[in-house]
Amino acid sequence: MTTSRTDTAAPVVLAGARGHGRWHLDNIRRLQRLGIVRLAGICELTPLTPKEIPDGLGTPEQSADFGALLDATGARIAVICTPIPTHTDLALKAAYRGVHLLLEKPPAPSYAEFRRMADGVAAAGVACQIGFQSLGSHAVPAIRRMIADGTIGALVGIGGAGAWARPESYYRRAPWAGKRRLHGVDVIDGALTNPLAHAVATALALGGTDRADDVTGVETELLRANDIESDDTSCVRVSTVHGHPVTVAATLCAEHPDEPYVVVHGSSGRITFWYKQDRVLLQRADHGPQEFEYGRTDLLENLVRHLTDGTDLVVTPERTGAFMKVVEAIRLSPDPAPLPAGSWHLRADEQRRVVPGVDGLVVAAADTLALYSELGAPWALPHALRKEVST
C-alpha cells in the first residue's frame, strides 16, 4: 500500500496569518507542495477571507481559540507569528499539548518571559525553533570556520549595521507597534529588538557568543525621531566572555535605506555578511577580495526534518539567550530620548521621518565598534548618560 504525501505531511497551525504571517502562509504553501507539511488551521481574531488564503492551501480550519484549534486539528507543529507579548503564553499552550514550535522573533519581550517559555518548552519535551531566518544561512557556519581557521587573523570584534526606513504609518499598523509597554505589559518593539533583531542575533552568533552566559554587559543608546515610545535610532555594544565586543547600530530613519549587514573584524582582515542576501565579502591583507554566495536552510523545513530524522535544530531557544540579554538591557534602559528639534525632518512624499547623516553613523559604528555618542553625533546621548547593564 502506498502512503500519499498528504498522509505523511505534518499538520501545521499558524497563529497570526496577517502582516508578517503572510510570509509564513506562502512558505507553508511551498512546503505543502513538497509534501512536507499541511496547513491544518489558522488562528486569527478575525477569520481570513478566502481571498486572503493563498491558492493551494485549501480551506483550513479557523478559530480565535488557539488551544481548541490545536486540539481539533491534531496539529503536530504550531507556527506562532503573533504580537510579541503573546509569544510565551501561546508557546506554552502548544507545548503542554505536545505540539512542536516555530516561534517568531523576538521570542519574548523580557528575559524572565523568555526563560518561562524556554524552561516550559524543555519540560514539555517538545522541539522549539526560534524564527531568526538569517541563522539558517549556510554563510553562518562558513564564516565561523573562517574565524576559527584564522583566515582574518585574531578576532577583534563584530559590528552590525542596519539603515532602514519606515513610514509613520508603520507605527499605526497595530496597537503594540512602537510601544515599550502596553496596558502595563512589556512589548519592547524597538529597532534592534524587532525589525533589525537579525543584525544583533547574527552578530552574536558569528562570534560564538549566542548563549546568555556569553554576555557580560550591554551598553545602550536609544533614541527616537518618531512620535513613539520605543527607539527608532539606536545602538548597543555587548561585552562578551571571549573579550571581543559586538556593536550593532540601527535606524528606521535612514536617508538612503540599504541592505543590513554584519562585519567581522580580524587583526589581518574582515568579513562582511549581508545576511538577507546570504552574500559574503572576504577582505584580508595580501589577498584580493573574495565574494561568496550561500544557500539557506528554511527553519520550518529544518524543524520537520528534526522531528522525522533527528536533524539538529538550527535555532534553539538557548542559542538566542544572548540576544535576549540585549533585549533585557534595552527593556531596563531609560525610555528612548526624543531627538532634538532640527535633527530630523519629514519626507513628505514618503510620509517618513529622516535623520540627516545617520546612514554614515550606522556604518561608522559597525566599522569602529563605537557608539553614536563616541562618534560625535550631535544628537547622541552624552557618555555620562549612556545606559550600561551588567549581566
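**Helices and loops in a predicted model**

The buried residues of helix α2 are covered by, among others, strands β1 (10-15), β2 (37-43), β4 and β5, together with helix α8 (299-309). I start there because this is a predicted model, and what I can usefully show you is which pieces sit against which.

Staying with α2, the helix runs over residues 21-33. Which of its residues are buried? They are G21, H24, L25, N27, I28 and L31. As for its length, 13 residues at 1.5 Å a residue should span 18 Å, and the end C-alpha atoms are indeed 18 Å apart, so the helix agrees with expectation. After α2 comes G35, and the phi of G35 is positive, near 80 degrees.

Next, α5, which covers residues 111-124. Here 14 residues should give a span of 20 Å, and the end C-alpha atoms are 20 Å apart, so α5 also agrees with what 1.5 Å a residue predicts. The buried positions are Y111, F114, M117, A118, G120 and V121. What lies over them? The cover includes helix α4 (87-95), strands β5 (100-103) and β6 (128-130), and helix α9. A glycine follows α5 as well: G125, with a positive phi near 75 degrees.

Just before α5 there is a loop that comes from β5, and P106 is in that loop. The peptide bond between K105 and P106 is cis, with omega at about -15 degrees. If you are looking at the structure, that is a place to stop and check the backbone.

Now α9, which I have already named as part of the cover over α5. Helix α9 takes in residues 321-332, 12 of them, and its first and last C-alpha atoms are 16 Å apart, close to the 16 Å expected. Is α9 mostly enclosed or mostly open? Of its 12 residues, 10 are buried, so the helix is largely enclosed by the rest of the structure. The buried ones are G321, A322, F323, M324, K325, V326, V327, E328, A329 and I330. Note that K325 and E328 are in that set.

Two helix pairs are worth describing. The usual description of two packed helices is the angle between their axes and the distance between the axes.

The first pair is α7, residues 197-206, with α9; their axes come within 9 Å and cross at roughly 130 degrees. That angle is over 115 and not over 145, so the two helices are oblique to each other. The crossing is right-handed. On the α7 side the contact is made by A197, V200, A201 and L204, and on the α9 side by A322, F323 and V326. Sorted by class, that contact has 7 nonpolar residues, no polar ones and no charged ones.

The second pair is α3, residues 66-73, with α4; the angle is about 30 degrees and the axes are 10 Å apart. An angle under 35 degrees counts as roughly parallel, so α3 is roughly parallel to α4. This crossing is right-handed. F66, G67 and L70 of α3 meet L90, K93 and A94 of α4. What classes of residue make up this contact? There are 4 nonpolar, 1 polar and 1 charged.

L90 of α4 turns up again in the next item, which is T82. T82 is in the loop between β4 (77-80) and α4. Buried or exposed? Its relative accessibility is 18%, and the limit for buried is under 20%, so T82 counts as buried. Setting aside neighbours within four places in sequence, T82 touches A15, G16, H87 and L90. Its C-alpha is also 9.1 Å from that of E44, and those two residues are 38 residues apart along the chain.

Last, two loop residues with positive phi that are not glycines. One is D286, with phi near 65 degrees. D286 lies between β15 (279-284) and β16 (290-293), and with 80% relative accessible area it is exposed. The other is L369, with phi of about 65 degrees. L369 is in the loop between α10 (358-368) and β20 (387-390). Where D286 is exposed, L369 is buried, at 10% relative accessible area.

That is what I have; questions are welcome.

Methods:
Residues numbered from 1 in each chain as written. Predicted model: local features only at pLDDT ≥ 70, side-chain atom pairs only at ≥ 80, totals over all residues. Heavy atoms only, no water. Helix = DSSP H or I, 4+ residues; strand = E, 2+ residues; numbered from the N terminus. Expected span 1.5 Å × (residues − 1). Buried < 20%, exposed > 50% of the residue type's maximum accessible area, 1.4 Å probe, protein only. Axes fitted to C-alpha atoms, helices over the stretch in contact; angles between N-to-C directions. Parallel < 35°, antiparallel > 145°, perpendicular 65-115°, else oblique. Left-handed = near helix turned anticlockwise from the far one by under 90°. Contact = heavy atoms within 4.5 Å. Nonpolar A, V, L, I, M, F, W, Y, C, P; charged D, E, K, R; others polar.
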